[in-house]
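Reader: Hey, got a minute to walk me through this one? I'd like to start with the loops and then get to the packing.

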Amino acid sequence: MSGTTVTASELTLTPAELAPYIQHTKIDPDASRDEMIAHAREAVTHGFNAAMVPASWLPVVVAELRGTGVEVASALDFPTVGVMTSAGKAAEAAEIARLGADQLDMGVQIGWLKSGRFDDFREDIAGVVRASGLPVKVMLELPLLTDAEKEAAVELSMEAGAAFLKNASSGQIETANPASVGYLVERARDGVRVKASGSIKSYRQGLALLRAGASLLGTSAGLSIITDTGDESTASY
């Protein structure tokens with residue numbers, strides 16, 4: 001399921017056919033063990049690309065999804081990005097990999113980028129790539145950056161070995177949109193893909209992001225998207 005790439009601007013998919021592109025996300029701080037198991041089972045039932053869960057629940061979710069073909073994703077330095085030390089990120093990345101995650105999303109050091117600490121920004125990402133050995137997706141928080149900073153963030157992330165570029169960490173930063181996705185797609189080198197993230201709520205929005213070139217959609221509203229019941233009132237992060 002993983003590795004699916006969509007670039008055709010005229011792509012036609014039914015709502016249910018978006019499932020293999022969706023990273024089914026549940027990061028609620030009050031989620032119980034039973035809720036996390038149910039979340040993992042939903043990912044299998046509906047054929048989602050992956051279950052995106054907090055690292056603290058990896059042992060439970062990895063066990064539940066073993067042998068199903070659905071991957072397990074987790075994140076670090078998130079949901080508030082740029083607050084962990086680089087050493088802390090690398091240590092957490094290694095532990096996330098040890099616990100069985102297949103993919104890893106990470107917050108980046110936006111403040112360092114804005115301070116001209118380009119080498120430190122790059123090495124912060126590279127340390128996670130090396131420590132985990134997993135495909136790493138970087139949350140670039142595009143709305144917080146100037147045009148020059150966006151260009152630098154993209155290039156430095158790819159130099160560091162990022163497998164995916166993400167427009168934002170969540171809807172608190174940006175609602176995922178075709179313009180941001182297209183910006184990243186145009187600059188991605190061969191082999192580097194784009195994940196759209198941030199308040200993805202509906203089938204039409206998800207399809208538009210895939211048509212813009214996104215390979216993956218990160219959302220907590222996956223069920224609403226694949227049943228075409230999502231709208232602006234739908235909760236999603």
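Author: Sure. One term first: helices and strands here are DSSP runs, numbered from the N terminus. And keep in mind that this is a predicted model.

Reader: Fine. So where does Asp-77 sit?

Author: Asp-77 is in the loop between S3 and H3. Strand S3 covers 71-76, and helix H3 covers residues 86-98.

Reader: And what's phi for Asp-77?

Author: Near 55°, so to speak on the positive side, in a residue other than glycine.

Reader: Which residues does the cis peptide bond join?

Author: Phe-78 and Pro-79, with omega at about 15°. Pro-79 belongs to the loop between S3 and H3, and that loop holds Asp-77 too.

Reader: OK, on to helices. How do the axes of H3 and H5 cross?

Author: At roughly 25°, with the axes coming within 8 Å. H5 runs over residues 118-132. Angles under 35 degrees count as roughly parallel, and H3 and H5 are therefore roughly parallel to each other.

Reader: Left-handed or right-handed?

Author: The H3 and H5 crossing is right-handed. On the H3 side the contact is made by Ser-86, Lys-89, Ala-90, Ala-93, Ala-94 and Ala-97. H5 brings Asp-124, Gly-127, Val-128, Ala-131 and Ser-132.

Reader: How does the contact of H3 with H5 split by class?

Author: Six nonpolar, three polar and two charged residues.

Reader: H5 also meets H6, then. What's the geometry of the H5 and H6 axes?

Author: They come within 8 Å and cross at roughly 45°. That angle makes H5 oblique to H6. H5 passes H6 in a right-handed crossing.

Reader: Which residues meet there?

Author: From H5, Phe-118, Phe-121, Arg-122 and Ile-125; from H6, Ala-152, Ala-153, Leu-156, Ser-157 and Glu-159. By class, the contact of H5 with H6 has six nonpolar, one polar and two charged residues.

Reader: And H6 with H7, how do those axes cross?

Author: Helix H6 (residues 147-159) and helix H7 (residues 178-187) have axes that come within 11 Å and cross at roughly 50°. H6 and H7 are therefore oblique to each other, and their crossing is right-handed.

Reader: What makes that contact?

Author: Asp-147, Lys-150, Glu-151, Val-154, Glu-155 and Met-158 of H6, against Tyr-183, Leu-184 and Arg-187 of H7. The H6 with H7 contact has four nonpolar, no polar and five charged residues.

Reader: I see Lys-150 and Tyr-183 in that list. Where does the charged end of Lys-150 sit?

Author: Over the ring of Tyr-183, 5.9 Å from its centre. That puts a charge over a ring between residues that belong to the H6 and H7 contact.

Reader: Which residue lies over the face of Trp-112?

Author: Arg-117, at 4.3 Å from the ring centre.

Reader: Last one. How many aromatic pairs does the count come to?

Author: Zero, with the 6.5 Å limit between ring centres.

Terms used. Residues are numbered from 1 along each chain as its sequence is written. This is a predicted model: local features need pLDDT of at least 70, side-chain atom pairs count only at pLDDT 80 or more; totals for chains, interfaces and linings use all residues. Side-chain values use heavy atoms; hydrogens and water are left out. Rings of Phe, Tyr and Trp (its six-membered ring) pair if their centres lie within 6.5 Å; planes under 30 degrees apart count as stacked, over 60 as edge-to-face and the rest as tilted. A charge sits over a ring if NZ of Lys or CZ of Arg is within 6 Å of the ring centre and within 35 degrees of the ring normal. Axes are lines fitted to C-alpha atoms, for helices over the stretch in contact, and angles run from 0 to 180 degrees between N-to-C directions. Helices (H or I, at least four residues) and strands (E, at least two) are DSSP runs, numbered from the N terminus. Angles under 35 degrees count as roughly parallel, over 145 as roughly antiparallel, 65 to 115 as roughly perpendicular and the rest as oblique. A crossing is left-handed if the near helix is turned anticlockwise from the far one by less than a right angle, and right-handed if clockwise. Contact means heavy atoms within 4.5 Å. Ala, Val, Leu, Ile, Met, Phe, Trp, Tyr, Cys and Pro count as nonpolar, Asp, Glu, Lys and Arg as charged, and the others, Gly among them, as polar.
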